[in-house]
Amino acid sequence: MKKKLNSIPLIFLTLAVIFLTAANLIAQDPEPPKSMDIYGFIMMDAGYNANQIHPDWFDVVRPTKLPTYENEYGTDGNFFFSVRQTRLGFKNYFETSKGVLKTQFEFEMFGTGVDAGQTTIRLRHAYAELGKIGVGQYWSPFMDIDVFPNTVEYWGPNGMVFFRNVQFRYMPIQGDTRMTIALERPGASADGGTFAERSELQNIRARFPLPDLSFEYRQAIDPGYIELAGIVRSMQWEDLDTIGVDYSGDAIGWGLNLSTNLKIGQNNVFRGQVVYGAGIQNYMNDAPVDVAIEDNKGVAIPMLGVVAFIDHNWNKKFSSALGWSMLDIANTNGQNYDAFSLGHYAVGNLMYYPAENVMMGVELQYATRDNYKDDATNPAYLKSTDIFKVQFSFKYNFAQAFYKK
């Protein structure tokens with residue numbers, strides 16, 4: 001009997017070892033491969049606009065959309081509500097003989113272009129990637145999405161390169177350090193300026209004989225990364241009127257974009273970018289046209305963009321973002337006096353995360369616009385104007401992953 005009692009601790013010890021070994025084996029089981037992710041968020045914005053902005057852009061801050069004439073967009077002081085940031089996306093993963101084929105289809109409810117001002121479906125990504133090849137609509141390699149700060153204002157810093165474009169991309173280096181080269185859908189806009197109403201310019205049409213060529217190289221470093229991106233593009237315009245002077249011409253657009261994310265201590269991230277070039281306004285987050293007239297000749301307009309933001313985590317429940325951005329356009333002597341010249345953008349906020357996947361925040365937003373020249377003959381003209389807004393936002397994220405059996 002005594003011998004049996006002494007064996008009981010040994011039995012418990014053996015069972016404990018078996019249990020812990022089994023638990024360890026279960027913990028080490030690899031996660032099965034994914035087949036699909038469904039993700040997105042519901043977001044509502046509400047706020048007060050102390051000044052004016054184009055009514056199609058009532059719920060964002062864009063310096064290029066500020067008024068150039070007194071009360072151009074009504075009177076100051078309007079409250080707004082919006083759910084246009086709401087988003088839904090799908091990612092799929094397919095096994096092939098060449099590896100995993102990844103696809104992404106994503107849209108939101110923020111209308112732009114002919115749908116500007118509306119709450120309607122807008123395509124964000126329609127993209128597929130297999131190995132080192134990617135095709136479809138996706139972030140341009142010329143932009144760095146990681147520069148975008150943790151703000152609730154939808155449109156973002158005006159001096160940031162920001163463009164989702166249809167492209168074919170090759171990624172010879174992938175990972176934290178990466179390289180991408182892409183051929184992108186070309187496109188540009190022009191400002192006829194003081195010549196816009198001349199009849200001999202009414203038959204000029206744009207032509208893009210080559211795709212835009214862009215690249216990025218990101219070097220991972222201990223506190224973050226440094227990235228250099230570039231682009232070159234051919235822009236042509238043809239005078240289809242066979243009578244009189246031929247106003248056909250061309251210009252080369254080019255740009256270099258240096259950006260970074262740097263961790264400062266345990267709770268801060270600096271997000272910065274400097275971009276300089278000419279005829280690349282089409283790739284900017286909030287910029288006017290790419291081409292204008294200088295000395296009776298069409299030229300690519302030079303520009304400089306800067307972004308500098310700090311994201312700070314106070315604790316697990318609260319965070320803040322504070323920063324500034326600007327876009328400086330070197331206007332040509334053929335542009336009108338009210339052409340956009342310089343815009344500043346500044347934001348500061350406090351975010352609260354009361355539960356998992358839930359965010360609410362308050363944000364102060366300010367922006368300015370300076371135009372090209374004064375016009376003493378028009379008392380309603382505003383060479384400089386600004387906007388101040390306060391915005392409250394509520395956001396609920398959702399995501400569901402599906403795995404292969």
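Me: Which residue in β7 stands opposite glycine 134?
Reply: Happy to start there, with the reminder that this is a predicted model. Strand β7 covers residues 164–173 and pairs with β6 in the antiparallel sense over 7 bridges. Within that pairing, the residue in β7 opposite glycine 134 is arginine 169.

Me: β6 has another partner in β5, so which residue of β6 stands opposite tyrosine 127?
Reply: Strand β5 (residues 119–130) and strand β6 (residues 133–139) run antiparallel and are joined by 5 bridges. Opposite tyrosine 127 in β6 you will find glycine 136.

Me: Which residue in the turn between β5 and β6 has a positive phi?
Reply: β5 and β6 form a hairpin, with 2 residues between the strands. The phi in question is about 60 degrees, and the turn residue that has it is glycine 131.

Me: Good. In what order do the strands of the open sheet with mixed pairing come?
Reply: The edge strands each pair on one side only, and they are β9 (190–191) and β16 (297–300). The sheet has 3 strands, and β15 sits between those edges, giving the order β9-β15-β16.

Me: Which residue of β16 is the bridge partner of isoleucine 293?
Reply: Strand β15 takes in residues 291–294, and 4 bridges join it to β16 in an antiparallel run. One pairing there sets alanine 292 opposite valine 299. For isoleucine 293, the bridge partner in β16 is glycine 298.

Me: Which residues make up the uncovered face of β16?
Reply: β16 is an edge strand of its sheet. Its covered face holds Gly298 and Ala300. The uncovered face is made up of Lys297 and Val299.

Me: And in the hairpin of β15 and β16, which residue takes a positive phi?
Reply: There are 2 residues between these strands. The phi is near 55 degrees, and the residue is aspartate 295.

Me: Let's turn to the rings: what is the angle between the planes of tryptophan 57 and phenylalanine 110?
Reply: The structure holds 18 aromatic pairs, and this is one of them, at 6.3 Å centre to centre. Planes under 30 degrees apart count as stacked. The pair is stacked, with an angle between the planes of 25 degrees.

Me: How many residues apart in sequence are the parts that this pair ties together?
Reply: Tryptophan 57 lies in the loop between β1 (34–49) and β2 (78–82), while phenylalanine 110 belongs to strand β4 (residues 99–110). Both tryptophan 57 and phenylalanine 110 are buried. Because one partner is in that loop and the other in β4, the pair ties together parts whose separation in residues is 53.

Me: Which residue has its charged end over the ring of phenylalanine 110?
Reply: Phenylalanine 110 also belongs to a cluster, in which ring pairs link Trp57, Phe110, Tyr154 and Trp155. The charged end over its ring is 3.8 Å from the ring centre and comes from arginine 84.

Me: Over the face of which residue does lysine 91 lie?
Reply: Here the distance from lysine 91 to the ring centre is 5.6 Å. The ring belongs to tyrosine 39.

Me: Is serine 214 buried or exposed?
Reply: Serine 214 lies in strand β11 (residues 212–221). Leaving aside neighbours within four places in sequence, its contacts include Phe142, Thr180 and Ile231. Its relative accessibility is 1%, and buried means under 20%, so serine 214 counts as buried.

Me: With which side chain does the side chain of serine 214 make a polar contact?
Reply: Serine 140 is 74 residues from serine 214 in sequence and 7.8 Å away in space, C-alpha to C-alpha. The polar contact of the serine 214 side chain, at 2.5 Å, is with the side chain of glutamate 184.

Me: Which residue's backbone oxygen lies 2.5 Å from a polar atom of the threonine 260 side chain?
Reply: Threonine 260 has its place in strand β13 (residues 249–264) and is buried, with a relative accessible area of 12%. Not counting residues up to four places away in sequence, threonine 260 touches Asp144, Phe270 and Arg271, among others. The backbone oxygen at 2.5 Å belongs to tyrosine 225.

Me: Last one: what percentage of the chain's residues are buried?
Reply: The chain has 1 helix and 21 strands, and its C-alpha atoms fill a box of roughly 115 × 50 × 40 Å along the principal axes. Of its 405 residues, the buried share is 41%.

How values were computed. Residues are numbered from 1 along each chain as its sequence is written. This is a predicted model: local features need pLDDT of at least 70, side-chain atom pairs count only at pLDDT 80 or more; totals for chains, interfaces and linings use all residues. Side-chain values use heavy atoms; hydrogens and water are left out. Two strands pair if DSSP finds at least two bridges between them. Helices (H or I, at least four residues) and strands (E, at least two) are DSSP runs, numbered from the N terminus. Rings of Phe, Tyr and Trp (its six-membered ring) pair if their centres lie within 6.5 Å; planes under 30 degrees apart count as stacked, over 60 as edge-to-face and the rest as tilted. Buried means under 20% relative accessible area, exposed over 50%, partly exposed in between (1.4 Å probe, protein chains only). A charge sits over a ring if NZ of Lys or CZ of Arg is within 6 Å of the ring centre and within 35 degrees of the ring normal. A polar contact is a pair of N or O atoms within 3.5 Å; within protein, one must be able to donate a hydrogen and the other to accept it, and residues adjacent in sequence count only if both atoms are side-chain atoms. Contact means heavy atoms within 4.5 Å.
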